[in-house]
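Good morning, and thank you for joining. I should like to take you through one structure, beginning with the ligand site and ending with the backbone.

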Amino acid sequence: MISSAGQRPPVQDDFIPFAVPSIGQEEIDEVIDTLKSGWITTGPKTQTFEQDFRNYVGAEEAVAMHSCTGALHVALSAMGVGEGDEVIVPTMTFCSTANVVVHLGARVVLVDVGDDLNIDVASAADAITGRTKAIMPVHYAGHACDLDELYALAAQNGLNVIEDAAHAVGSEYDGEKIGSRMLGPAHLDGSDSRSVVAFSFYATKNMTTAEGGMAVATDEELVSRMRRLALHGMSRDAWKRYSDKGSWYYEVTETGYKYNMTDLQAALGLHQLRRLDSFIEKRSEYAEIYHEALGGIDALQSLPIRNNRRHAYHLFPVLVSEESPLSRDELIDELRDRNIGTSVHFIPVHLHPVYQREHGYQEGDFPNAERIFGRLFSLPLCPGMTESDVRYVAAHLADTLQR
Ligand SMILES: *Cc1c(COP(=O)(O)O)cnc(C)c1O
């Protein structure tokens, strides 16, 4: 159990990294099989992975990409976002959510977040202008945004929604997986709004293909445009061109990107997806241990969790409270000295030099995000940790903060 005052916490020689991927023998065998198969880039395994993935999240269509960043970029591009348009992005996110908007020549309209670090829907509503084309909510840490409110706002204003679900594969909102709920003509909501949900399979995410991502959507035209844009804007993909049934002919119908997923990545993804629920169970068990420990540490607080959510616990963020004898930075150093790796998610986008220099943002713009950021860090959490690793971290948090 967690050490109480007077009891020395355990000592551990090995560094506990912030996160490591869990790769099993099945993944290794599948990668070797792919290497020996003669087809290593986009092909049959990518297609199977797309089918399995859309079955898992309950989406109609899925397009595999080389990253979540690529999926976000292609989604905006397929929706026609470009110069003169505005896109609303929460400032508390990884830079790629905002960068892709800039790549398309549109304006990034940053907004503040609520105390769960998800986009503040009222701030998003205030930021809507005649030029607003889309909102990009981020399901921070794997804790879903309020999709009822966001989708209503988008539908009322004719806006598209691109969900950055980099943390949220396996997360649920109101009993539905993130990726299953969509805006679009198929949903007869009477608006022109459409949506895309983009997932990440980066090395540290809840499931990994080393690098990788997936865009899911229902709107057929949007899906075929994303597929085309992810492969140069060509009208047919390489597999179809060169397989027995294909022909050499293709047309470039618009200037696209090179964002396709390889079968080597898909080989990893096929097995990671099958193990995803067990990964999330482990993450949730460990999160429970952290929650219990934090209950006894006044110097730390966890973030609020709303009703009707299945948290995927991609991250376990904590806030250093006013009572803490150590600042956030001092605590991170102290934990590192005790062989515990932590991280900070995220430095708000508006505090990065390029967003200040080129996009007019400055310190003070988003008080809630800034106030939280100064006290925020993430505890190590991944299924590759042992329960004793997690208890070691919990014990040392208590020991560090309650001397
Ligand atoms: C990891 C991450 C991304 C980018 O994912 P990639 O697959 O590495 O491109 C985007 N948004 C958020 C919030 C992330 O954490």
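In sorting residues by class, I count Ala, Val, Leu, Ile, Met, Phe, Trp, Tyr, Cys and Pro as nonpolar, Asp, Glu, Lys and Arg as charged, and the others, Gly among them, as polar. With that convention, the shell around the ligand consists of six nonpolar, eight polar and two charged residues. Please keep in mind throughout that this is a predicted model.

Let me stay with the ligand. Which residues are the closest to it? The ligand is surrounded by 16 residues, and the closest are Thr-69, Asp-164, His-167, Ser-200 and Lys-205.

Three contacts to ligand oxygen atoms deserve mention. From the side chain of Thr-69, an N or O atom is 2.5 Å from an oxygen atom of the ligand. At Cys-68 the backbone is involved: one of its N or O atoms lies 2.9 Å from a ligand oxygen. For Lys-205, an N or O atom in the side chain is 3.2 Å from an oxygen atom of the ligand. How much of the ligand's accessible area does the protein cover? On its own the ligand has 380 Å² of accessible area, and the protein covers 92% of that. Two elements give two or more residues to the shell, namely helix H3 (68–78) and helix H4 (95–103).

I turn now to the internal spaces. There are two cavities of 30 Å³ or more. The largest has a volume of about 110 Å³. Its lining comprises 14 residues, with Leu-303, Pro-304, Ile-305, His-311 and Pro-317 nearest the centre. Sorted by class, that lining holds nine nonpolar, four polar and one charged residues.

The second largest cavity contains about 70 Å³ of space. It is likewise lined by 14 residues, and those closest to its centre are Val-20, Pro-21, Ser-22, Lys-205 and Asn-206. Here Lys-205 appears again: this residue is among the closest to the ligand and also among the closest to the centre of the second cavity. The lining of this cavity is made up of seven nonpolar, five polar and two charged residues.

Next, the strands. As a reminder, strands of a sheet pair through backbone hydrogen bonds, either parallel or antiparallel. Both senses are found in this model, and I shall take the parallel pairs before the antiparallel sheet.

Strand E2 (residues 86–90) pairs with strand E4 (residues 132–135) in the parallel sense, over three bridges. Within that pairing, Glu-86 is opposite Thr-132 of E4. E4 is in turn joined to strand E5 (residues 160–164) by two bridges, again parallel, and there Ile-135 faces Val-161 of E5.

The antiparallel case is an open sheet of three strands, in the order E7-E6-E11. Which strands form its edges? They are strand E7 (176–177) and strand E11 (309–310), each of which pairs on one side only. Strand E6 (residues 172–173) is connected to E11 by two bridges and runs antiparallel to it. One of the residues involved is Tyr-173, whose bridge partner in E11 is Arg-309.

I close with two details of the backbone. The first is in the loop between E6 and E7, where Asp-174 is placed. Asp-174 has a phi near 55°, a positive value in a residue other than glycine. The second is a cis peptide bond between His-345 and Phe-346, with omega about 5°. Phe-346 belongs to the loop between helix H10 (328–337) and helix H11 (353–357).

Thank you; I welcome your questions.

Note on methods
Residues are numbered from 1 along each chain as its sequence is written. This is a predicted model: local features need pLDDT of at least 70, side-chain atom pairs count only at pLDDT 80 or more; totals for chains, interfaces and linings use all residues. Side-chain values use heavy atoms; hydrogens and water are left out. A residue is near a molecule or strand if one of its heavy atoms lies within 4 Å of it. A polar contact is a pair of N or O atoms within 3.5 Å; within protein, one must be able to donate a hydrogen and the other to accept it, and residues adjacent in sequence count only if both atoms are side-chain atoms. Accessible areas come from the Shrake-Rupley method with a 1.4 Å probe; for residues, only the protein chains shown count as cover. Helices (H or I, at least four residues) and strands (E, at least two) are DSSP runs, numbered from the N terminus. On a 1 Å grid over the protein atoms alone, a cavity is a set of points where a 1.4 Å probe fits but cannot get out, and a pocket is an open set with protein on both sides within 12 Å along at least five of seven lines; lining residues have an atom within 4 Å of a point. Grid points are joined across faces, edges and corners, and a volume is the space filled by probe spheres set on the points. Two strands pair if DSSP finds at least two bridges between them.
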